[in-house]
Amino acid sequence: MEIRNLTARCAEAQPRHDWTRAEIAALFALPFSDLTWLAQQVHRRHFDPNQVQMSTLLSIKTGGCPEDCGYCSQSAHFETGLKATKLMDVQATLAAAQAAKAQGASRFCMGAAWRNPKAHDLDKVCDMIAEVKALGMETCATLGMLTGEQAQQLRAAGLDYYNHNLDTSPEHYAEVITTRSYQDRLDTLEHVRGAGMKVCCGGIVGMGEAATDRVGLLHSLATLPAHPESVPVNMLMQVEGTRLGQSAPLDGIDFVRMIAVARIVMPQSMVRLSAGRETMSDELQALCFLAGANSIFLGDRLLTTKNPGQDRDTALIAKLGIVPMPYVTVEEDSAEAAE
């Protein structure tokens, strides 16, 4: 497909939900400069290119998960040396959120290693959400699969976003996870939407997938009835002891292409440069921002894996002239959309 035809399709006023795999594959196949130029045009149409949302992700319940996700150090199926913990105390979570806000984070995400939350645990998580929300921060949680009733309960507590990644393409999924189906994940996303929350949904690359699987993942996301408002793009962090712990690292330019195509096919979504930054050079991260990434996670840990510390991120942000994206509440966002 010619670049001018792709450019015309990407310039349409409203986000598209009818992307074909052929079109997405054609974007991946563009010369690198053409692809990043196109992604920059789309990005600037919807966002300030020099603003990046600062987020923090806290593991509120670590390890002992019954799922067999091949990339995860928290799975009970693998020996990774990680000790399982109980659910954190509400006040300890609040203290972590206060510290994150003081460091410049406007979004606070809470993750628990569960297949699905139990009723008494969900009550406690709802208390956490209410306390963090009261700080004036955007709230997000990732707790495993949800029923419609559980999604409603989280929304009532003030949860803004729910994270539930598709991880990879439908075709490659069984090579990564066997204890939860692709449809299970789609069902949870439907429950989240039904409760009126925003969706945070992306995937992981570098898990031995083919280039066609990266096309398939973005096709699955971009053809949802509504695009996820938040799309985390993760580079696999190889964890010793997991099934994918010896996977070959993905080429950096291929990762930037993933960011760029995600930006183009989901133009109004936050594209989150998530796991893997610890091993990325400043130059590679700069290319990701150039390609349309506009969110990072602060702090030295992302759940159980390493993340660049505050000093390194502060230096990078200053070097690139990036400023933190101001926090807009869900209510303010809804009001703007109605005008």
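Leaving aside neighbours within four places in sequence, Gln40 touches Phe289 and Leu290 in this predicted model. Gln40 belongs to helix 3, which covers residues 32-46. With a relative accessibility of 13%, Gln40 counts as buried.

**Helix packing**

Helix 3 also packs on helix 9 (residues 252-265), with an angle of about 35° and 9 Å between the axes. The crossing of these two helices, helix 3 and helix 9, is left-handed. On the helix 3 side the contact is made by Phe32, Leu35, Leu38, Ala39, Val42 and His43. On the helix 9 side, Ile253, Val256, Arg257, Ala260, Val261, Arg263 and Ile264 take part. Sorted by class, the contact of helix 3 with helix 9 has 10 nonpolar, one polar and two charged residues.

A second helix pair is formed by helix 4 (residues 90-102) and helix 5 (residues 119-134), whose axes lie 9 Å apart at an angle of about 30°. The crossing of helix 4 and helix 5 is right-handed. Helix 4 contributes Val90, Gln91, Thr93, Leu94 and Ala97 to the contact, and helix 5 contributes Lys124, Asp127, Met128, Glu131 and Val132. By class, the contact of helix 4 with helix 5 has five nonpolar, two polar and three charged residues.

**Salt bridges**

Side chains of opposite charge can pair when their charged atoms come close. How many salt bridges does a search of the whole structure find? The search finds 13. Among them are the pairs in the table.

| Pair | Closest N to O distance |
|---|---|
| Arg16 and Glu23 | 2.8 Å |
| Arg21 and Glu171 | 3.1 Å |
| Arg277 and Asp313 | 2.8 Å |

The Arg16 and Glu23 side chains meet in a salt bridge. Arg16 is buried, with a relative accessible area of 6%, and Glu23 is buried as well, also with 6%. A network of salt bridges links Arg16, Asp18 and Glu23.

Arg21 forms a salt bridge with Glu171. This pair links distant parts of the chain, 150 residues apart: Arg21 is in helix 2 (residues 21-28), and Glu171 is in the loop between strand 4 (161-163) and helix 7 (182-194). Is Arg21 buried or partly exposed? Arg21 has a relative accessibility of 31%, so it counts as partly exposed.

The salt bridge of Arg277 with Asp313 has its closest N and O atoms 2.8 Å apart. Arg277 lies in the loop between strand 8 (270-273) and helix 10 (282-290), while Asp313 lies in helix 11 (residues 310-320), so the salt bridge ties together parts that are 36 residues apart in sequence. Both residues, Arg277 and Asp313, are buried.

**Cysteines**

A disulfide is a covalent bond between the sulfur atoms of two cysteines. A search of the whole structure finds zero disulfides. Why is Cys72 not bonded to Cys69? The closest cysteine sulfur to that of Cys72 is in Cys69, at 6.0 Å, which is too far for a bond; the cut-off for a disulfide is 2.5 Å between the sulfur atoms. Cys288 is in no disulfide either, and its nearest cysteine sulfur, that of Cys200, is 17 Å away. Cys288 is buried, with a relative accessible area of 0%.

Cys201 is found in the loop between strand 5 (198-200) and strand 6 (203-205). At 0% relative accessibility, Cys201 counts as buried. Which residues does Cys201 contact, leaving aside its neighbours within four places in sequence? The contacts of Cys201 are Asn163, His164, Asn165, Leu166, Leu189, Leu221, Pro228, Ser230, Val231 and Pro232. The C-alpha atoms of Cys201 and Tyr162 are separated by 8.3 Å, with the two residues 39 residues apart along the chain.

**A positive phi angle**

Asp167 is located in the loop between strand 4 and helix 7, the loop that also holds Glu171. The phi of Asp167 is near 75°, a positive value in a residue other than glycine. Asp167 counts as buried, at 1% relative accessibility.

Key. Residues are numbered from 1 along each chain as its sequence is written. This is a predicted model: local features need pLDDT of at least 70, side-chain atom pairs count only at pLDDT 80 or more; totals for chains, interfaces and linings use all residues. Side-chain values use heavy atoms; hydrogens and water are left out. A salt bridge is a side-chain nitrogen of Lys or Arg within 4 Å of a carboxyl oxygen of Asp or Glu. Buried means under 20% relative accessible area, exposed over 50%, partly exposed in between (1.4 Å probe, protein chains only). Helices (H or I, at least four residues) and strands (E, at least two) are DSSP runs, numbered from the N terminus. Contact means heavy atoms within 4.5 Å. Axes are lines fitted to C-alpha atoms, for helices over the stretch in contact, and angles run from 0 to 180 degrees between N-to-C directions. A crossing is left-handed if the near helix is turned anticlockwise from the far one by less than a right angle, and right-handed if clockwise. Ala, Val, Leu, Ile, Met, Phe, Trp, Tyr, Cys and Pro count as nonpolar, Asp, Glu, Lys and Arg as charged, and the others, Gly among them, as polar.
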